Every structure is written in structure tokens, then in C-alpha cells.
Amino acid sequence: MRSSGVTSPTVTSSLLESVESGDLAKFGLIPEFIGRLPILVSLAALDEDQLVQVLTEPKNSLSRQYRKMFSLNNVKLHFTDGALRIVAKKAIVKNTGARGLRALLETILLEAMYEVAACSFL
């Protein structure tokens, strides 16, 4: 996989679905460590639509958390569908998945959060 230059997350996750204990030994893990792994599980890479769902649908989603944080300073925050898709695309490009969404939003909204906080002190 490395020698061919394949880096697509979907291709990688589909290849990882077939990994077995023997493959881990060939990779270099010691048998004593492999024996302590009762099951092997691979996770599929999320696509753009699924990442947007993670941003919006859960009860305590990131978009709701940031809206609430801004509303504490009487600022109304609205995410357009296009903006959410851009964040999802950046997570795919960086290959961070759903775990990287918070860091991306934090980076994007950092300056706005500083401005809101500065105005609240005035």
C-alpha cells in the first residue's frame, strides 16, 4: 500500500477490514502483544455527508455547542450548509475524521471568539 502511493481513506479502511493476527506479526508486533488483543476491529472512513451529520445531528453536536457558546455573549452564530461541507472536506483532506472536527472549528472560529470575548468586556 505504501509503495503504490495509495492514500485514499476509503481504500485504506477497506484494506484494513481484512487484517488478521498474522498480519500484525508480519508488521512487527510481538506475539505476546498480539495475544492480548481479543478482537481486531477496523473503522471505516466517514464521507463528507456523514461528517456533516456528526457536526449537526447529535443532541450535543459541535455546531450546537459553538452556537451556545456564542449565545452566552448575545451573539447569534449560524452555520451554512456550505460552511459545514467545507469543514467536512478539510477533515477528509487532513485524514482526521470526526475526531478532528473540533480542532478545525476551533481554528476557524478562534478569531471570532476573541472578538466576541473582547467586546463583552467593553
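**Phe79.** I began with the surroundings of Phe79 in this predicted model, and, leaving aside its neighbours within four places in sequence, I found Phe79 in contact with Ser63, Tyr66, Arg67, Leu84, Leu105 and Leu109.

**The core.** I next looked up the largest nonpolar core, which has 18 residues, and noted that Phe79 is listed among those with the most contacts inside it, together with Leu55, Tyr66, Phe70, Leu101, Leu105 and Leu109. Which helices supply at least two residues each to this core? I found that H4, H5, H6 and H7 each do so, and that the largest share, six residues, comes from H7. I also noted that Tyr66, Leu105 and Leu109, which I had just listed as contacts of Phe79, are themselves named among the core residues with the most contacts.

**Helix H4.** I then turned to H4, which spans 48-56, and recorded Glu48, Leu51, Val52 and Leu55 as buried there. Looking down the axis of H4, I saw that its buried residues line one face of the helix, because they fall within an arc of 100°. As a reminder to myself, an α-helix has 3.6 residues a turn, so residues three or four places apart point the same way. When I asked what covers the buried residues of H4, I found that the cover includes H5, helix H6 (81-94) and helix H7 (101-121).

**Ser61.** Where does Ser61 lie? I located Ser61 in the loop between helix H4 and helix H5, the latter running over 62-71. I count Ser61 as buried because its relative accessible area is 2%, which is under the 20% cut-off. Its side chain makes a polar contact with the side chain of Ser63, at 3.2 Å, and I recall that Ser63 is also a contact of Phe79. Not counting residues up to four places away in sequence, Ser61 touches Val54, Leu55 and Thr56, and of these I had already entered Leu55 as buried in H4.

**Val116.** Is Val116, which I placed in helix H7, buried or exposed? I entered Val116 as buried, because its relative accessibility of 15% is under 20%. Setting aside residues up to four places away in sequence, I found that Val116 touches Phe70, Asn73 and Val75. For the pair Val116 and Val75, which are 41 residues apart along the chain, I noted a C-alpha separation of 7.7 Å.

**Domains.** Last, I looked up the division of the chain, which gives domain 1 (7-45) and domain 2 (48-120), and I noted that the centres of domain 1 and domain 2, taken over C-alpha atoms, are separated by 32 Å.

Conventions. Residues are numbered from 1 along each chain as its sequence is written. This is a predicted model: local features need pLDDT of at least 70, side-chain atom pairs count only at pLDDT 80 or more; totals for chains, interfaces and linings use all residues. Side-chain values use heavy atoms; hydrogens and water are left out. Helices (H or I, at least four residues) and strands (E, at least two) are DSSP runs, numbered from the N terminus. Buried means under 20% relative accessible area, exposed over 50%, partly exposed in between (1.4 Å probe, protein chains only). A polar contact is a pair of N or O atoms within 3.5 Å; within protein, one must be able to donate a hydrogen and the other to accept it, and residues adjacent in sequence count only if both atoms are side-chain atoms. Contact means heavy atoms within 4.5 Å. The arc is that of the directions from the helix axis to the C-beta atoms. A nonpolar core is a set of buried Ala, Val, Leu, Ile, Met, Phe, Trp, Tyr and Cys residues joined through side-chain atoms within 4.5 Å. Domain bounds come from an automatic or database domain assignment.
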